[in-house]
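Here is a short report for a first look at this structure. It covers domains, core, sheets and the contact between chains.

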Amino acid sequence: MVELLIRLKFTLGRHTTGATRWFSLSLILLGAGLTWYLTVTAASAEVRSSLLMLVLAVWAGGWVLGPTITNGVGVLRSQYFTLLPLDRNRVGAGLLVTMFIGAGALFTLVATSALAWHAWASDAAALFLGLLGMLLLVVFMVSLSRLVFRALGAAMHSRLGMEIASLQWGLIVAGLFFGWVAVQPALAAVGSLSEFGLQGTAVTVLSVLPTSWPVLAVDAAVAGAWGAAFGWLGAFAALTLVTVLVTVRLLAPAVTSRGVRRRSRPLGSRVFDGGRPLLPDTPLGAVVGKELRQWWRDPWRGLELRSSLYAGLFIGLLGLISYLPQIAPFSGVFAVVIMGMSSSNLYGHDGTALWLSVVGQGRDTVRAEIRGRQVAIALLITPLAALMSVVMVVATGEYGAVPYVLIGLVVALGVTNGLAVLLSVVAVTPGVDPHRRVDANDTGDNQLQVWLTLVAFPVLAAPTLAAAVWAGAQGTPWLAVPVALANGALAAWLMGWAAHRRLESRLPETFTRIRYGKEIAAQAVPRSGGLLDRLERGALSANNEIKPTGS
Amino acid sequence: MGGMTRADAPAAAAPALELDELTKTFNETRAADGVSLTVPRGAMLGLVGPNGAGKTTSLSMAVGLLRPDSGTARVLGVDVWKDPVEAKHRLGVLPDGLSLPERLTGGELLDYWGRLRGLDRDVTRTRAEEMLKVLELDGAERDGVLVAEYSTGMRKKIGLATALLHAPDVLVLDEPYEAVDPVSARVLTAILRRFTDGGGTVVISSHVMALVEQLTDRVAIIAEGRVLADGTLGDVRGVDATLEDTFVRLVGAREVSEEDLTWLNS
């Protein structure tokens with residue numbers, strides 16, 4: 001069975017292409033190279049040991065975060081095997097084994113073999129401990145990676161789980177954007193790393209991590225403390241075993257029933273019910289109501305909203321602990337920008353539900369569809385982001401930042417809101433269709449949208465930035481607020497207009513992109529088109545497709 | 001559906017639905033190869049064909065979901081691809097196996113849908129409530145069950161409700177009976193009959209011959225992207241005893257002989 005699963009994995013792999021794969025592969029190669037470089041150039045056995053602990057922790061971190069970030073393309077899903085008359089746990093175990101076949105595990109082995117080298121170089125007698133540790137480390141990291149990935153997917157079925165997943169995502173995103181604030185001092189020290197190794201508390205903290213235990217085992221053996229050596233390695237072996245067992249359990253196909261009786265009415269069902277309706281009796285009102293409810297109730301959308309807020313919060317906190325308190329009041333602005341990025345694939349997110357907009361097309365419905373989504377996003381994020389910034393201003397006492405925070409909030413709310421709907425239409429990338437979704441990142445890939453937003457936001461907000469710099473220099477920063485307001489409103493309005501014009505003229509083509517996949521969609525994009533056509537082509541080639549194609 | 005008003009019918013002579021030489025190629029596979037079909041007003045037509053025959057592709061092109069490589073479709077004389085808004089106003093569509101706004105309840109979905117289609121709130125509410133009751137979705141609605149939590153049959157029923165809500169002239173339903181229980185199927189049939197009795201036109205696709213034979217008055221057989229036969233049930237059936245025989249005669253079928261699959265008896 002395992003052999004068959006491995007073959008299936010390679011067959012699936014042959015049908016996936018994309019830049020992410022090459023990017024991850026080069027990152028892994030670089031990591032393996034760096035690991036060996038640090039190990040070989042370390043000045044002493046002690047330095048080498050501390051560096052190995054650091055490097056192994058980074059490897060484990062990469063395995064934990066990697067699949068979540070890269071959408072888990074080409075991974076066998078346990079649901080495929082639900083109906084086969086096979087023992088559930090055997091399927092789970094088989095699926096885990098397939099994870100060890102591939103470049104990731106191979107180069108991790110290359111990296112962990114540095115531990116064996118460390119053992120041999122320190123004391124040849126410790127070599128077998130090093131070799132055992134090397135193998136156990138690979139098993140541990142790969143299993144842990146699957147465990148976290150599946151646990152996230154399982155978490156999407158409960159509110160608490162979704163909250164935890166959002167926290168994790170928020171931390172990842174904050175780390176990606178502002179990790180350098182915390183990492184900079186560490187990077188500055190990299191040059192002297194191989195000479196002095198890590199000092200003080202860093203080593204203490206690192207040695208607690210499980211990935212360091214095999215290193216500690218080798219060190220103990222070298223020092224002649226064989227009892228301690230076997231203790232450390234035994235503990236790590238036991239932990240690895242537990243990880244493997246839990247992972248096998250999680251990877252085993254599970255059948256959950258649908259149509260279960262609800263214990264309570266869903267969120268927001270009474271908001272517009274009975275009494276006077278809050279939203280106007282128009283297509284626009286209908287779309288705003290639908291969107292708000294979907295944002296409140298859909299765990300995948302909830303994940304995006306919450307992780308944006310957490311990311312903003314963590315960026316603020318990172319600023320605080322890195323002695324850059326000026327960053328903290330802007331945490332609301334960061335939350336708004338990140339929310340813009342996470343909502344830049346709305347149509348991919350809703351999947352084939354777009355058919356309703358196609359067959360229900362009326363004189364004004366496509367405009368309502370776009371504007372309604374813009375209104376819903378603004379209604380959700382504005383109060384929360386503003387509140388976050390207010391709290392941060394009060395907490396840090398940076399009252400001088402208030403006008404700048406207001407300027408940033410206003411322009412970010414407008415520009416990212418417009419960008420989100422425009423990119424949602426032009427760069428639409430479907431994921432697993434909503435009613436078949438299981439894992440935390442089953443929604444469509446939006447890497448192109450994220451990069452584009454990063455580039456386009458400063459460009460589109462340039463008038464405001466210039467005004468803020470000028471007004472700040474004059475000592476009257478408040479003067480830039482109207483500019484921000486005009487800039488933001490105009491950007492939101494214009495890009496929303498472009499989005500609904502584009503969607504209206506390409507309604508069936510957009511649906512085709514979602515329903516029939518990228519190959520067939522590519523036939524319908526004009527070869528020598530304008531900017532939006534080129535953007536669409538870019539999304540078709542850059543974003544990964546995790547949706548099974550065809551009907 | 002008594003109180004519903006139908007859209008003003010233009011060009012009194014135009015048929016309810018016309019598929020005019022619809023052609024679509026996916027990756028060198030001709031999914032539809034010049035599909036032409038005329039459905040007169042008030043008819044109930046069954047579109048039958050084997051899996052992958054091009055039923056869904058043809059219907060998708062007829063309702064504006066998939067742009068044809070060539071050919072077009074007209075609803076009561078209005079071109080779906082030249083005047084989509086007007087044509088779609090007269091159409092009610094139920095596609096097969098697609099998502100809906102999954103986190104709404106059935107009632108909220110209909111409320112959204114009615115107002116998007118320009119019905120006022122009270123009309124939408126009355127129709128939605130009636131429809132949920134008739135389709136036996138009212139219990140789920142009271143419990144606040146979301147569409148994502150619906151069973152496959154319930155999804156079909158709420159889909160049918162969205163297709164009917166704005167009282168269209170022409171209904172195009174892709175596999176409406178699939179996964180629907182026998183009791184609900186009777187309700188569905190009664191609704192469709194009421195609809196055609198009131199002058200409406202229905203096109204359903206199916207691969208269940210007995211169902212089509214029992215339900216519809218017209219039938220079209222499609223295979224490999226081409227229409228092989230089209231007409232009244234009697235005309236298409238001709239001298240054959242059942243529609244299934246006609247279907248097998250036209251489409252061809254591999255007979256299972258005595259020597260095949262003997263291992264099934266072991």
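Domain bounds here come from an automatic or database domain assignment. For chain A, that assignment gives domain 1 (2-8 + 20-66 + 87-158 + 197-251) and domain 2 (283-542). The C-alpha centres of these two domains of chain A lie 38 Å apart. The model is predicted.

**The core**

The largest nonpolar core has 226 residues. Within it, A:Ala217, A:Val336, B:Ala62 and B:Val172 touch the most other members. Helix H18 (residues 402-426) of chain A gives the largest share, 17 residues. Domain 1 and domain 2 of chain A both contribute residues, so this core lies between them. In soluble globular proteins, nonpolar side chains tend to be buried together.

Take B:Val172 as an example. Leaving aside residues up to four places away in sequence, B:Val172 touches B:Leu59, B:Ala62, B:Val63, B:Leu91, B:Val93 and B:Val203.

A:Ala217 belongs to helix H10 (residues 213-222) of chain A. How many of the 10 residues of this helix are buried? The count is 10 of 10, so helix H10 of chain A is largely enclosed by the rest of the structure. Among the buried residues are A:Trp213, A:Pro214, A:Asp219 and A:Val222. Just after H10(A), A:Gly224 takes a positive phi of about 90°.

**Two sheets in chain B**

One open sheet of chain B has 6 strands in the order E6-E7-E8-E3-E9-E10, with mixed pairing. Strand E6 (91-94) and strand E10 (226-232) of chain B stand at its edges. Each has a single partner strand, so one side of each is left without a neighbour in the sheet. On average, neighbouring strands of this sheet are turned by 15° against each other, direction ignored. Strands E3 (residues 44-48) and E8 (residues 201-206) of chain B run parallel, joined by 5 bridges. B:Val48 stands opposite B:Ser206 in E8(B).

The other open sheet has 4 strands in the order E2-E1-E4-E5 of chain B, with antiparallel pairing. Its edge strands are E2 (29-39) and E5 (78-79) of chain B, and each pairs on one side only. Strand E1 (residues 17-26) of chain B is joined to E2(B) by 8 bridges, and the two run antiparallel. B:Leu19 stands opposite B:Leu37 in E2(B).

Helices lie across these strands. The table gives the angle of each helix to one strand.

| Helix of chain B | Strands of chain B touched or crossed | Angle |
|---|---|---|
| H1 (residues 55-63) | E3, E6, E7 (170-174), E8, E9 (218-223) | about 150° to E7(B) |
| H1 | E1, E2, E4 (70-75) | about 120° to E1(B) |
| H7 (residues 182-197) | E3, E7, E8 | about 145° to E8(B) |

Helix H1 of chain B thus appears twice. It lies across strands of the 6-strand sheet, and it packs on the sheet that holds E1, E2 and E4 of chain B.

**Where the chains meet**

The contact takes 39 residues from chain B and 44 residues from chain A. On the chain B side, the elements that give two or more residues are H1, helix H2 (84-90), E6 and helix H3 (106-116) of chain B. H3(B) provides the largest share of that side, 5 residues. By class, the side of chain B that touches chain A has 20 nonpolar, 8 polar and 11 charged residues. Edge strand E6 of chain B is thus one of the elements on that side.

Conventions. Residues numbered from 1 in each chain as written. Chains lettered and ligands numbered in written order. Predicted model: local features only at pLDDT ≥ 70, side-chain atom pairs only at ≥ 80, totals over all residues. Pairing = 2+ DSSP bridges. Axes fitted to C-alpha atoms, helices over the stretch in contact; angles between N-to-C directions. Contact = placed C-beta atoms within 7 Å. Core = buried A, V, L, I, M, F, W, Y, C linked by C-beta atoms within 7 Å. Buried ≥ 20, exposed ≤ 12 C-beta atoms within 10 Å, placed from the backbone. Nonpolar A, V, L, I, M, F, W, Y, C, P; charged D, E, K, R; others polar.
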